Amino acid sequence: MLYGWELITEDERNKIAEGIKKGKILAGPFHLALFPTDRCNLDCFFCYTENLRKKGEVLSWDALKKALCDGVSLGVKSLSLGGGGEPLIYPSLIPLLEFMEQNNLKMDSIKTNGTALTEKVADSLIRCGLRRITISLNDTRAEPYSKICNASPRLFNGALEGIRHIVEAKKKNGSSCEISVQVFVWRENYKRLPEMIQDLVPFGADLIYVNTIDGLSPQLKMSPEQKEEFKIILAHVIKVHARIIQFNLSAEGLHEYAVNLQYQVYPQAIDIPDLCLTPHRVEYCYMGWFAAVIEASGDVYPCCHFTTDKAKSLGNLNMQSLNEIWHGKRFEIFRREMRHLLLTRADKKSLPSNPRFIYHLCLERTACAFNYYLCSPDFYMELYEWSRKKGAAYIRNYKIKRFPRRILGKMKRLLKGASDSRK
């Protein structure tokens, strides 16, 4: 499960469920995803925050500490670190980790490039109960790493040291933290995938995450011939390393091929333990009743998918408290739209005319991890059974309310057409 769902009590779980059923907010938030800086010490050619790398915003410690104090009083139990920048170069990282230890907050997950993962930081993260860390190494050799990241060999060596530090801290403290190292495959390095995996195995990470790069120009993508060659390479890699590899090869159209191949060799790598074993969708997004995302600008978002769109901001911590934002009207709109998807089974024919937050990922069962891997299976099933009983009446009332607007819109279009024809 994501974002520390297992940390909430039975009473808190029931309040979340009751809030969804009533269309209200009765508790929380219980988790905060922090993106404290847009700045990064690398300059990866594929990064979507290209214009922010060196001059991006940094959330002040005063604003963040105030939000965290507010969060603790509201019930926050865990944090995660990520974002478009490198979270471990956040200037107030040590005060943040000290605050977590003092207030018994758990670190659920971190996404980092590993270059600032010192021995001290690694020990502190493990002491904060870190459950998962993904280190984006990109490539396992200094020269291609420097080319991808526009970085010096010194930073490459720092990233390798970061992996060693977190593995050693895990062993020393008897932690169960899942350590994942990510590498990218693209036109210029796909042939080296077996070599990259072999380079990483001695480090002792739990998983090696093989990813493709979104948004590449056609010139940088694999050709059809190269994809066929890569399939042969994948077959060999999976045969040898199926237990420690995860894939996301969607950007090259090879994800399904790799997953099906891996399933034949090691099904446990593909099966998701908390996925409800039903032929139809029963999982919907309940992020709005459980967590919030805090950006470097101070903007608060309901989900990480919206953080590049200021129009989706629910408020700003430099002007409002976390409590005010959590109980504010914008958050209410997000919850209403997610509840609508639950009650209509995400039927595209029943979508609101101009939804503010419904994203294409929200409409598919496994397109977004927050759809199916945030809550426990029993919670998903409880809300699904409730929605089955309430859904028909909700859809009927929704259509009745929407009917006059549809007719009015049709009349306006007819009148406009008649006016245009007279001209």
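The legends below describe several views of a predicted model, beginning with the whole chain and then turning to selected regions.

**Figure 1. The whole protein chain, with its 13 helices and 10 strands.** The radius of gyration of the protein chain is 23 Å, close to the 22 Å that the globule rule gives for 423 residues, so the chain is as compact as a globular protein of that length. Taken along the principal axes, the box filled by the C-alpha atoms is roughly 70 × 55 × 50 Å. Of the 423 residues, 53% are buried. When contacts between residues at least 6 apart in sequence are considered, 70% of them join residues that are at least 24 apart.

**Figure 2. Helix H2 (residues 61-74) packing with helix H3 (residues 93-102).** The axes of the two helices are 11 Å apart and make an angle of about 15°. Because angles under 35 degrees count as roughly parallel, H2 and H3 are described as roughly parallel to each other. The crossing in which H2 passes H3 is right-handed. On the H2 side, the residues that meet H3 are Trp-61, Leu-64, Lys-65, Leu-68, Cys-69 and Val-72, and their partners in H3 are Pro-95, Leu-96 and Phe-99. Sorted by character, the residues of this contact comprise 8 nonpolar, no polar and 1 charged. As background to such a view, an α-helix has 3.6 residues a turn, so residues three or four places apart point the same way.

**Figure 3. Helix H4 (residues 119-127) and its buried residues.** The buried residues of H4 are Val-121, Ala-122, Asp-123, Ser-124, Leu-125 and Ile-126, and these pack against H3, strand E3 (106-112) and H6. After H4 comes Gly-129, a residue with a positive phi, near 80°.

**Figure 4. Cys-177, in the loop between helix H6 (153-173) and strand E5 (178-184).** Cys-177 has a relative accessible area of 1%, and it counts as buried because this value is under the 20% cut-off. Leaving aside residues up to four places away in sequence, Cys-177 touches Ile-126, Leu-130, Arg-131, Arg-132, Ile-133, Lys-170 and Asp-206. One of these, Ile-126, is also among the buried residues of H4. Although Cys-177 and Gly-129 are 48 residues apart in sequence, their C-alpha atoms are 7.9 Å apart in space.

**Figure 5. Ser-180, in strand E5.** Ser-180 is buried, and its relative accessible area is 5%. If residues up to four places away in sequence are not counted, the residues that Ser-180 touches are Ile-133, Thr-134, Ile-135, Leu-207 and Tyr-209. Ile-133 is touched by Ser-180 and also by Cys-177.

**Figure 6. Backbone details in three loops, at Pro-29, Asn-104 and Asn-150.** Most residues other than glycine have a negative phi, and most peptide bonds are trans. The bond that joins Gly-28 and Pro-29, however, is a cis peptide bond with an omega of about 5°, and Pro-29 is placed in the loop between helix H1 (10-22) and strand E1 (31-34). Asn-104, in the loop between H3 and E3, is not a glycine and yet has a positive phi of about 55°. Asn-104 is exposed, with a relative accessible area of 54%. A positive phi of about 50° is found at Asn-150, which is not a glycine either, and Asn-150 lies in the loop between helix H5 (142-149) and H6.

Conventions:
Residues numbered from 1 in each chain as written. Predicted model: local features only at pLDDT ≥ 70, side-chain atom pairs only at ≥ 80, totals over all residues. Heavy atoms only, no water. Helix = DSSP H or I, 4+ residues; strand = E, 2+ residues; numbered from the N terminus. Buried < 20%, exposed > 50% of the residue type's maximum accessible area, 1.4 Å probe, protein only. Contact = heavy atoms within 4.5 Å. Axes fitted to C-alpha atoms, helices over the stretch in contact; angles between N-to-C directions. Parallel < 35°, antiparallel > 145°, perpendicular 65-115°, else oblique. Left-handed = near helix turned anticlockwise from the far one by under 90°. Nonpolar A, V, L, I, M, F, W, Y, C, P; charged D, E, K, R; others polar. Rg over C-alpha atoms; globule rule 2.2 N^0.38 Å.
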